[in-house]
Amino acid sequence: LQGHERFRGPLELNKNGLSDLAAMHLAPLFDKTSCHNITKLKLDGNNFTTKAGEYIGTALAGNPDYRIDKISFKGISLESIGVVRMVEAVNANKHVKKLDIGVLTNRGLSHLAELIRSNETLDELIISETSDHQKYWTDESRQALCATIRECTVLKRVKVKFAREGQEADEAFE
């Protein structure tokens, strides 16, 4: 990313077939304390795994003053460790207002419900249920997330996308 010192604005790398290696090379941009070039990061629809969440999350958590207000992993499953690192980063960075954490398994939803408790600045959260029927969200995990949102967060908006046919948010989250 030559010339990146002059760039300032959103970075949209959606559906480019990027792998975790690309995320590893992006992560050092968030380590920089002298300039905060990327204001929004959209990585939707790439070939990332848990490593992408680990790389980017670790870099952002290490630099909580980085001014980025939106991060999106739409359509990507960061699995448990990637989700944990990204939510820890968002909890540490008070500038992130909107997070699409991507596709969550039941275990990922449980981690999210626990970790998001300490967040005091996130305005919007977007989550999608996995299409793996063996890892669908359980009632217990959904209720844990609801309780956390009601009792512990300042979230203004939560968008939920289900993999199950005919499932509505009102039915699943009460």
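Two strands pair if DSSP finds at least two bridges between them. Helices (H or I, at least four residues) and strands (E, at least two) are DSSP runs, numbered from the N terminus.

This is a predicted model, in which local features need pLDDT of at least 70, side-chain atom pairs count only at pLDDT 80 or more, and totals for chains, interfaces and linings use all residues. Residues are numbered from 1 along each chain as its sequence is written, and side-chain values use heavy atoms, with hydrogens and water left out.

**View 1. The whole chain, to get our bearings.**
Welcome to the protein chain, which has 6 helices and 6 strands. Following the sequence, you meet them in the pattern β-α-β-α-β-α-β-α-β-α-β-α. Along the principal axes, the C-alpha atoms fill a box of roughly 50 × 35 × 20 Å. The radius of gyration is taken over C-alpha atoms, and the globule rule is 2.2 Å times the number of residues to the power 0.38. For 174 residues a compact globule would come out near 16 Å, and the protein chain agrees with its 16 Å. Of the 174 residues, 47% count as buried, where buried means under 20% relative accessible area, exposed over 50%, and partly exposed in between (1.4 Å probe, protein chains only). Contact means heavy atoms within 4.5 Å. Among contacts between residues at least 6 apart in sequence, 86% join residues at least 24 apart.

**View 2. Strands S1, S2 and S3 side by side.**
Start at strand S1 (residues 9–12), which is joined to S2 by 4 bridges, the two strands running parallel. Two pairs help you find the match: Pro10 has Lys40 of S2 as its bridge partner, and Gly9 has Ile38 of S2. From S1 the chain passes through H1 to reach S2, in a right-handed β-α-β crossover. A crossover is right-handed if, with the strands pointing away from the viewer, the path from the first strand over the helix to the second runs clockwise. Next along, S2 and S3 run parallel and share 3 bridges. Here Lys42 stands opposite Ser72 in S3. S2, H2 and S3 also form a right-handed β-α-β unit.

**View 3. Strand S4 and its two partners.**
How many of the 7 residues of strand S4 are buried? In S4 (residues 98–104) the count is 6 of the 7, so this strand is largely enclosed by the rest of the structure. One partner is strand S3 (residues 70–72), parallel to S4 and joined to it by 3 bridges. Ser72 faces Asp100 of S4 in this pairing. Together, S3, helix H3 (residues 79–92) and S4 make a right-handed β-α-β unit. The other pairing to look for is with strand S5 (residues 124–129), again parallel, over 6 bridges. Val103 has Ser128 in S5 as its bridge partner. The route from S4 to S5 goes through helix H4 (residues 106–115), and this β-α-β crossover is right-handed.

**View 4. Asn93, a residue in a loop.**
You will find Asn93 in the loop between H3 and S4. Is Asn93 buried or exposed? Its relative accessible area is 0%, so Asn93 is buried. The side chain of Asn93 reaches the backbone oxygen of Tyr66 at 2.8 Å. Beyond residues up to four places away in sequence, Asn93 touches Leu60, Asn63, Pro64, Tyr66, Ile68 and Thr121.

**View 5. The nonpolar core, with Ile56 in focus.**
A nonpolar core is a set of buried Ala, Val, Leu, Ile, Met, Phe, Trp, Tyr and Cys residues joined through side-chain atoms within 4.5 Å. The largest one here has 41 residues, and those with the most contacts inside it are Phe30, Ile56, Ile68, Ile101, Leu112 and Ile127. Two or more residues each come from helix H1 (20–26), strand S2 (38–42), helix H2 (50–62), H3, S4, H4 and S5. H3 gives the largest share, 5 residues. Setting aside neighbours within four places in sequence, Ile56 is in contact with Ala23, Ala27, Phe30, Leu41, Leu43, Phe73 and Met86.

**View 6. Ile126 in strand S5.**
This last view turns to Ile126, found in strand S5. With 6% relative accessibility, Ile126 counts as buried. The C-alpha atoms of Ile126 and Leu99 are 6.2 Å apart, although 27 residues separate the two along the chain. Not counting residues up to four places away in sequence, Ile126 touches Lys98, Leu99, Asp100, Ile101, Gly102, Lys159 and Lys161.

Key: Polar contact = N/O pair within 3.5 Å; in protein donor to acceptor, adjacent residues only side chain to side chain.
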